[in-house]
2 protein chains.
Amino acid sequence: MERFRDILKASNLKSTHQRLAILECIDTHGHIDIETLFELILQKYPTMSKATLYRNIHDLLAFYILEEVKLPQQKQKYEIKKVPHIHLLCSHCGNVEDIFVETKPLLETIFFQSGFEISSSFIVMNGICKRCSSKK
Amino acid sequence: MERFRDILKASNLKSTHQRLAILECIDTHGHIDIETLFELILQKYPTMSKATLYRNIHDLLAFYILEEVKLPQQKQKYEIKKVPHIHLLCSHCGNVEDIFVETKPLLETIFFQSGFEISSSFIVMNGICKRCSSKK
DNA sequence: CTTCATGCAAATAATTTGCAGTAAG
DNA sequence: CTTACTGCAAATTATTTGCATGAAG
């Protein structure tokens, strides 16, 4: 994936095999936690160390290349930073789906009610996804 | 606080000093993390151990007496379970405010768009609270 | 070449567990 | 009394750091 090289270069970060592997792995897997990520990368790069993984996650977050996703009852996960979206967490199959929805009305209601000026939001919906509910 | 004794009894949990202290502390302090909670309780009960704290937090969560609050860039916090609400996290003063807002329209939009049946939601808004924005 | 990133091992922090003693009901 | 809960210490697990080596540009 050439795009990750560009993204890294833009932040003056070297495009090491390890970093590219981390980014590609998160990209193809979607929301992923440290442990799973580590095991997946080990398969390609048996020498990968956890210290490197932690350091890179930290740096990639700092440069807003990654984003943390804190889901209820779950270990912290990570994803490639993208356009703001809502997380739909299926309590049946465990999958996380992203959805892009207009939230402006809600934000305006909140401002109206409380005077709180919102700059960003983090939203997780728990429930049953379409696939699971149609299987019942 | 007599009400916590009742709540504990309803779940067949004994009303120990430690448990009552944990609940009262979280109740008066609001959203609080393990470390802060531990230090506050130590002042009243110098013998309180962290093992007990962790065990109790775990059990109180399991009985839905407490609720976990995972805020971006912050350590996990806990609060007394209450009516569903939205968290407003002020990036200036760091305070977390709770607000009760009608989210039904948003939930319906999501269902309409994706077929995802929502049972509960977790929402954090980042921004500047009324108090801070009026100080500028 | 020069600088930044990696791997390893060791250090630190966070959380869990086993067990004997203690307190709640 | 009986059972569940606590405190302590030890065990795990998670994360960070120092430093010598190696790779990227």
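Which backbone oxygen does the side chain of Ser133(B) reach at 3.1 Å? The legends below refer to a predicted model, and the view in Figure 1 holds the reply.

**Figure 1. Surroundings of Ser133(B) in helix α6 of chain B.** The side chain of Ser133(B) reaches the backbone oxygen of Lys130(B), at 3.1 Å. Helix α6 of chain B covers residues 130-135. Ser133(B) has a relative accessible area of 18%, and it counts as buried because this value is under the 20% limit. Once neighbours within four places in sequence are set aside, Ser133(B) is in contact with Glu117(A) and Ile128(B).

**Figure 2. The interface of chain A and chain B.** Chain A gives 39 residues to the contact, and chain B gives 39 residues. About 3,100 Å² is buried between the two chains, with carbon and sulfur atoms giving 61% of this area. On the side of chain A, the residues that lose the most area to chain B are Lys70(A), Phe116(A) and Met125(A), which together make up 21% of what that side buries. Zero salt bridges are found across the interface, whereas 16 residue pairs are in polar contact, both residues being at pLDDT 80 or more.

**Figure 3. Elements of chain A that touch chain B.** Two or more residues each come from β4 (86-90), β5 (96-99), α5 (104-114), β6 (117-128) and α6 (130-135) of chain A. Of the elements on this side, β6(A) gives the most, with twelve residues. By residue class, the side of chain A that touches chain B has 20 nonpolar, 13 polar and six charged residues.

**Figure 4. Pairing of β6(A) with β6(B) across the interface.** The two strands run antiparallel and are joined by eleven bridges. In chain B the strand covers residues 117-128. Phe122(A) stands opposite Val124(B) in β6(B).

**Figure 5. Gln73(A), a residue with positive phi.** Gln73(A) is found in the loop of chain A that links β2 (66-69) and β3 (77-80). Its phi is near 60°, a positive value in a residue other than glycine. Gln73(A) counts as exposed because its relative accessibility, 68%, is over 50%.

**Figure 6. Tyr64(B), a residue with positive phi.** In chain B, Tyr64(B) lies in the loop between α4 (50-62) and β2 (66-69). Phi of Tyr64(B) is near 60°, and the residue is one other than glycine. With a relative accessible area of 62%, Tyr64(B) is exposed.

Methods: Residues numbered from 1 in each chain as written. Chains lettered and ligands numbered in written order. Predicted model: local features only at pLDDT ≥ 70, side-chain atom pairs only at ≥ 80, totals over all residues. Heavy atoms only, no water. Helix = DSSP H or I, 4+ residues; strand = E, 2+ residues; numbered from the N terminus. Buried < 20%, exposed > 50% of the residue type's maximum accessible area, 1.4 Å probe, protein only. Polar contact = N/O pair within 3.5 Å; in protein donor to acceptor, adjacent residues only side chain to side chain. Contact = heavy atoms within 4.5 Å. Buried area = accessible area lost by both parts, 1.4 Å probe. Salt bridge = Lys/Arg side-chain N within 4 Å of Asp/Glu carboxyl O. Nonpolar A, V, L, I, M, F, W, Y, C, P; charged D, E, K, R; others polar. Pairing = 2+ DSSP bridges.
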